[in-house]
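Biologist: Can you walk me through this model? Short answers are fine.

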Amino acid sequence: MELRENYLLGIDLGTTNIKGNIMDDAGNVIATASRPNHLIFPGPNRIEQDPREWWDNAVAILKKMTGAAGAEVVNRIRGISISSQVISLLPLAKDGSVLRNAIIYQDSRSAAEVEEISNALGFDHYVSIIGGQPSVAFLPNKLLWFKRNEPELFAKTWRILQANGYLNYKLTGAMEIDLDCAGRTQCLDISTLKWSEEIADVIGVDLNAILPQPKAVDAIIGRVTPEAAVETGLISGIPVVAGASDAMASMYATGMSQIGDAGESSGTTSLLFVSAAGMSRPDAPIVTRPCAIRTMPYIFDGPIGSSGASIKWYLDTIGQYEKNEADKLGINVYDYINQIALDVKPGSEGLLFFPYLVAGERAPLWNSHARGMFIGMTLATRRGHFIRSIFEGTAFAVRHVMSCMKEDGGQANSLRITGGGSKSRTWNQIKASMLHIPVYILDEKSGDVPFGDVLIAGNAVGVFPDLTRTIQDLIKVKEIIEPVPEWEKAYDALYPYYVEMYQHLDQDLAKFKKTVDLL
């Protein structure tokens with residue numbers, strides 16, 4: 001391939017893996033690499049990750065990419081942007097040493113602290129400060145738990161960083177946080193874009209002292225240090241921007257560029273984005289983000305906790321039969337279950353699946369007490385019904401979030417899907433039928449989250465001065481999947497029951513969780 005003048009580096013540090021791309025200014029992937037991350041389960045409701053593994057994995061993929069790309073390309077890398085999972089509580093000492101494993105967004109040990117903070121501030125007032133629904137996934141409750149339960153470590157803490165902030169620190173020596181991740185912590189006052197003094201007072205933590213001051217997503221926060229260059233194969237002096245959450249980078253990677261566009265990053269969890277001309281209500285069960293793409297002023301986003309995770313759970317716990325059958329046929333097990341699901345009527349003959357498997361549900365329920373459920377089993381229920389109902393239940397969850405977004409002014413005429421879930425044609429056809437809109441499947445490079453990071457970096461350093469035009473030029477649609485009319489009728493008939501059945505069970509599930517926690 002012809003050597004070009006400008007190259008960019010994007011990295012996404014996800015929950016299950018870290019992936020990076022070196023790309024040129026025409027959108028071609030020059031080098032790519034990934035490595036798995038591992039979860040740590042130190043106790044009930046506790047989920048952590050080791051940030052030292054994050055950095056070790058980052059070094060490994062950087063060495064692989066820089067080696068594959070060659071010196072001439074590496075010398076022309078103009079900027080770096082890193083996205084990551086959010087929210088994490090990662091405490092560092094003043095010398096930059098890690099004080100404990102990162103408590104990640106899936107951890108629900110601080111559920112009692114969520115309730116305490118909400119009661120102290122008043123639920124409605126709390127929502128008006130943070131612009132979203134309080135949840136165990138976020139930072140105020142995690143900080144309060146940390147201060148109370150690990151006071152010696154808390155006393156040594158100089159800064160709390162997010163996952164991408166930690167990698168940025170290792171590359172540049174700067175401890176920073178981008179405005180996108182800052183807004184997702186629920187420590188930020190959305191009316192001032194400053195750390196909330198009211199929240200700080202309630203949890204007894206000086207947020208301005210322990211958290212970096214937020215920087216714009218495209219702000220250059222530092223440059224690759226000589227030490228980091230030696231360790232990674234990069235050259236020193238490359239600008240590093242503040243970056244963003246994996247949600248925001250994924251939104252860029254979907255190719256959304258105008259009102260009417262919607263996107264889903266479909267992986268272990270799902271992140272749903274819908275374009276909007278204005279902000280949502282502060283108490284809406286979704287989050288409003290200003291967007292740097294000039295033709296799309298705002299993005300509504302909503303995270304769904306267990307989409308791909310629900311399918312993986314089935315295969316890991318119940319699905320050995322499907323794995324064996326796929327092996328006999330010599331095909332991938334996911335291809336096998338896609339076919340099995342097609343052999344079942346839409347609606348799974350009355351079997352509904354509620355995909356609340358990880359610490360309750362985020363959007364639009366925002367609670368830690370929801371639980372995964374199958375409702376509607378009979379003696380006629382077979383394995384195929386379970387498989388299709390999982391596909392449908394996760395699609396019902398997408399519809400639930402999108403319905404809330406549309407109520408507040410979001411507009412969605414099509415859905416662009418990226419991530420591992422985009423490879424399941426059956427699942428995507430179910431989503432198209434569930435939402436009554438076509439699903440756009442992007443080519444491999446376009447749907448990749450690190451491509452979103454590349455776009456952010458390129459815009460920040462001037463390689464992509466017109467982001468709207470760049471997105472329209474570089475991001476390609478591979479296939480359009482249309483709704484199936486018969487399926488649409490079935491899902492319209494069943495969707496109200498999906499919503500109402502959970503509503504009827506909500507209070508009982510909350511009391512049930514409290515009882516179980518005491519056992």
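Modeller: One term to begin with: contact means heavy atoms within 4.5 Å. This is a predicted model, where local features need pLDDT of at least 70, side-chain atom pairs count only at pLDDT 80 or more, and totals for chains, interfaces and linings use all residues. Residues are numbered from 1 along each chain as its sequence is written, and side-chain values use heavy atoms, with hydrogens and water left out.

Biologist: Which residues is I331 in contact with, leaving aside neighbours within four places in sequence?

Modeller: A326 and Y336. I331 itself is found in the loop between helix 14 and helix 15. Helices here are DSSP runs of H or I with at least four residues, strands are E runs of at least two, and both are numbered from the N terminus.

Biologist: Is I331 buried or exposed?

Modeller: In between. I331 has 37% relative accessibility, so it counts as partly exposed. Buried means under 20% relative accessible area, exposed means over 50%, and partly exposed is what lies between, using a 1.4 Å probe and protein chains only.

Biologist: And T470, where does that lie?

Modeller: In helix 19, residues 467-474. T470 is buried, with a relative accessible area of 11%. Not counting residues up to four places away in sequence, T470 touches L455 and F464.

Biologist: Back to the helices. At what angle do the axes of helix 13 and helix 14 cross?

Modeller: Roughly 85°, and the axes come within 6 Å. Helix 13 covers residues 308-317 and helix 14 covers 320-329. That makes helix 13 roughly perpendicular to helix 14. The axes are lines fitted to C-alpha atoms, for helices over the stretch in contact, and angles run from 0 to 180 degrees between N-to-C directions. Under 35 degrees counts as roughly parallel, over 145 as roughly antiparallel, 65 to 115 as roughly perpendicular, and the rest as oblique.

Biologist: Which residues of helix 13 and helix 14 meet?

Modeller: Y314, L315 and D316 in helix 13 meet Q320, E322 and K323 in helix 14. By class, that contact has two nonpolar, one polar and three charged residues. Ala, Val, Leu, Ile, Met, Phe, Trp, Tyr, Cys and Pro count as nonpolar, Asp, Glu, Lys and Arg as charged, and the others, Gly among them, as polar.

Biologist: What about helix 13 and helix 15?

Modeller: Their axes come within 12 Å and cross at roughly 100°. Helix 13 and helix 15 are therefore roughly perpendicular to each other. I311, K312 and L315 in helix 13 meet V333, Y334 and I337 in helix 15. That contact has five nonpolar residues, no polar ones and one charged.

Biologist: New topic. How many disulfides are there?

Modeller: Zero. A disulfide is a pair of cysteine sulfur atoms within 2.5 Å. C181 is in none, and the nearest cysteine sulfur, that of C187, is 13 Å away. C181 counts as buried, at 0% relative accessibility.

Biologist: Why is C291 without a bond?

Modeller: Its sulfur is 16 Å from the closest cysteine sulfur, in C181, so that is too far for a bond. C291 also counts as buried, at 13% relative accessibility.

Biologist: Now strands. How many residues of strand 1 are buried?

Modeller: Seven of its seven, residues 7-13. Y7, L9, I11 and L13 point one way, while L8, G10 and D12 point the other.

Biologist: Which strands pair with strand 1?

Modeller: Strand 6 (residues 77-84) runs parallel to strand 1, joined by seven bridges. I11 stands opposite I82 there. Strand 2 (residues 17-24) pairs with strand 1 in the antiparallel sense, over seven bridges. G10 has N21 as its bridge partner in strand 2. A hairpin of three residues joins strand 1 to strand 2. Two strands pair if DSSP finds at least two bridges between them.

Biologist: What is the strand order in the seven-strand sheet?

Modeller: 19-20-18-17-23-24-25, in an open sheet with mixed pairing. Strand 19 (287-290) and strand 25 (477-481) stand at the edges with a single partner strand each, so one side of each has no neighbour in the sheet. On average, neighbouring strands of this sheet are turned by 25° against each other, direction ignored.

Biologist: Which strands does helix 16 lie across?

Modeller: Strand 17 (260-266), strand 18 (270-276), strand 20 and strand 23 (412-418). Helix 16 (residues 383-407) runs at about 150° to strand 20.
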